[in-house]
Every structure is written in C-alpha cells, then in structure tokens.
Amino acid sequence: MTHLWVRAEQRAHEERVGLTPEGARALLAQGLEVTVEDSSSRAIPIDGYGKAGCRITAEGSWPEAPDDAVIFGLKELPEDGTPLPHRHIMFGHAYKGQPAGQVLLQRFKAGGGTLYDLEYLTDADGRRVAAFGYWAGYAGAAVALICWAAQQAGGIAGPVGVYPSSTALLADLQEQLVRTGSHRPNALIIGALGRVGAGAADLCTAMGVPVSKWDMAETAHGGPFPEVLAHEIFLNCILARPGCPVFVPASAQTAPRALTVIGDIACDPTSDFSPIKVYDRTTTWEEPALRVHDAPPLDVTAIDNLPSMLPVESSEDYAGQLLPSLLALDKLETGVWGRAKAEFDRHITTL
C-alpha cells in the first residue's frame, strides 16, 4: 500500500498545503494510506483531515516516518545538513545551479532518497500538471503596487502579510493606492499569456493599472528591451531557464527610466539564467522591497512563496490540479512520477 505523508511546512509565512481534506478522502478511497502532520500554521484546519479518515501525527515528525512513506510538502526542508533517505515531493529549486539546491541534492545523495520536484511534474507533452502560478502572479502584482505606493509617500514598503481572501487583499490595496492620489502607474508584464501573467494582469486590472501584455512574440528578438524601462512597473512572469533573454541589465540602475519597481514574480535570482541582473537575492515578508538604486528609486520585490499571501484559495486551486497525479502514486516508475525521477537522476549524477 502506498503511504503518503503530508508534512507540516516549517518555513515562516507558509500556510499552504498541497492536499485538501476532500483530496485526502479520494486517496483513501483508492486504497492509499494518508498521514497528515498537525500544523500550527496551515490555513486549512487539521479537523477536516481527521474526519476524512487520515492518520494525524505530530508536527515535524516526518524524519521518523516509515522508510516506504512518500513525504509531501511544498517549501524547503530545514537546512540542517542531514541525509535524506525518504522519497520527497516538494519544490526543490535545485536544478538551475542554485547553491542551496546543490546542498539539497547532496543530502539526497547521502541518504539514498529521491526528490520528485513539483516544478518538474509534467505530462507527456512537457506541460506542468500543477502550478501555483495564477496566485503567484496575483499576489506578486499586489506587492509590486504596495512597493510603488510606498515610493509615492517617499519611503520603502514595510512588512506584508497573509490575507483570508483575495477580496480582503483588494480592499487593503485599494486603500493604499487611494492615499497616493488619482494617478495609477503603467505596468509591463512579460509572460502575460501564462497562468502567472494572467494572475498579475487580473490584479492590475482590478486596481485600474494600465497593462502592456507581452509574451513570446514580443521577446523573440532577444533584446535589448527599452520598453521595460519606459514603464513604471515591470512584472517578470517567465521562469529562468537556458536561453532566457535579459530583460533588465545591470546598467538599468543608472539608465534614464520611468521604471521604479520590478516585481520578479518568477523569483530565481541565484539562477545562472536569471533575466534580471540588478539584484542577487530574494526579498522577505518583513522587507519585501530591495532598493537597488536611490535617485530615482528602483526597488525589486522577489518573494519566493507569494501564493501563501492567499493560502486558502491558492491551496485549493493547486491541490485540485495535483490530485489526479497523486491518485497515480502507486505508479512511481512511470508517467508523471517516472519523468520527475528521471530528472532527479540526471542531476544527481552530475554532482
């Protein structure tokens, strides 16, 4: 019997989960065993999992899980250097040259475990089977506007937090923008035809922000892209990967520009393929804006777990997309899981 162990997230400001109680009930009905860790932060209460028939266990107990359990979480594990003997489903951020990712892969190699990276769960045509993209775009655009509003007041954005719903987020953001006056910044979205770009565009439209929507056709020439500097806000919704053009070169800091806020929603600054060259680290919930130039100001916001600003809506959306693949967990050597394992094997052999 396949055993799925849903761990509690151990990262601050992370309230999402990749399996709802309804999804757990479907897995149990198919014959899977499901264990769910209690959590002090998960947006979806533990009671629903118990009522569905899941075994409930202590928060953070996954290292003692049975050897054959498949450990399922979203964000990174504690960076304690311990070997990882289990099979893990998670976002590893380990295949694009990220230094922390290389350490993670070494832990899997030392323990003999396997990473099934959620970013690399794909169908036969190479399309991801599940993504948080829409809500990442939605929240990322909101944070970019928060940064812009803070600039208008002569400052820099302060801490951001979790919202119970997108309606609550829109109300709060509208209140902040009203204080800046009637002007709304124009924004350029690259990757506008994807889920991330769609979420960013929807948020901007809801806030009355004029949007230029770019995708592959507009970026095919490879750059340079002076149009980016001509907009007040730039939202990058394209994942860093080999061949990705540079949208914001380092020279943009001192170049003539209308641009004052960059929202790097794809958020992969330590990747060798990052298309934004004016910053080198992610930003945080406590300090969402990184000022990379003072006069005129240029702030970058790059929070790498943006959908957790709207944890209930983003969890329900993502869990629904992922459930068909979880229902196939008894076939780990084929299909979506087999492809993810092959990707892991390819990278683990090059360490």
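Student: Which elements do the buried residues of α1 pack against?
Tutor: This is a predicted model, in which local features need pLDDT of at least 70, side-chain atom pairs count only at pLDDT 80 or more, and totals for chains, interfaces and linings use all residues. Residues are numbered from 1 along each chain as its sequence is written, while side-chain values use heavy atoms and leave out hydrogens and water. Helices (H or I, at least four residues) and strands (E, at least two) are DSSP runs numbered from the N terminus, and contact means heavy atoms within 4.5 Å. With those terms, the buried residues of α1 pack against β1 (3-6), β2 (33-37), α2 (47-52) and α9 (311-326).

Student: How wide an arc do the buried residues of α1 cover around the axis?
Tutor: Buried means under 20% relative accessible area, exposed over 50% and partly exposed in between, with a 1.4 Å probe and protein chains only. In helix α1 (residues 21-29) the buried residues are Pro21, Gly23, Ala24 and Leu27. They lie on the same side of α1, because the arc they cover around the axis (taken from the directions from the helix axis to the C-beta atoms) is only 155°.

Student: Which exposed residues does the other face of α1 carry, turned away from its buried side?
Tutor: That face points away from the side holding the buried residues, and the exposed residues found on it are Glu22 and Ala29.  Beyond the helix, Gly31 takes a positive phi of about 105° just after α1, but the exposed residues asked for are Glu22 and Ala29.

Student: How far apart in space are Gly31 and Leu327?
Tutor: Gly31 sits in the loop between α1 and β2, and a relative accessible area of 36% makes it partly exposed. Gly31 and Leu327 are 296 residues apart in sequence, and in space their C-alpha to C-alpha distance is 9.6 Å.

Student: What is the average twist from one strand to the next in the sheet with the order β8-β7-β9-β10-β12-β11?
Tutor: Two strands pair if DSSP finds at least two bridges between them, and here 6 strands form an open sheet with mixed pairing. Because β8 (211-214) and β11 (290-293) stand at the edges with a single partner strand each, one side of each has no neighbour in the sheet. From one strand to the next, the twist averages 20°.

Student: What angle does the direction of helix α4 make with that of β9?
Tutor: Axes are lines fitted to C-alpha atoms, for helices over the stretch in contact, and angles run from 0 to 180 degrees between N-to-C directions. Helix α4 (residues 133-152) packs on the sheet and touches β9 (233-236), β10 (261-264), β11 and β12, and its direction makes with that of β9 an angle of about 155°.

Student: Which residue in β12 stands opposite Arg291?
Tutor: Strands β11 and β12 (residues 298-301) run antiparallel and are joined by 3 bridges, and a hairpin of 4 residues connects them. Within this pair, the residue of β12 opposite Arg291 is Asp299.

Student: Which residue has the backbone oxygen that the side chain of Thr283 reaches at 2.9 Å?
Tutor: Thr283 is found in the loop between β10 and β11, and its relative accessible area of 6% makes it buried. Not counting residues up to four places away in sequence, Thr283 touches several residues, among them Leu290, Val300 and Ile303. The backbone oxygen that the Thr283 side chain reaches at 2.9 Å belongs to Pro288.

Notes
Polar contact = N/O pair within 3.5 Å; in protein donor to acceptor, adjacent residues only side chain to side chain.
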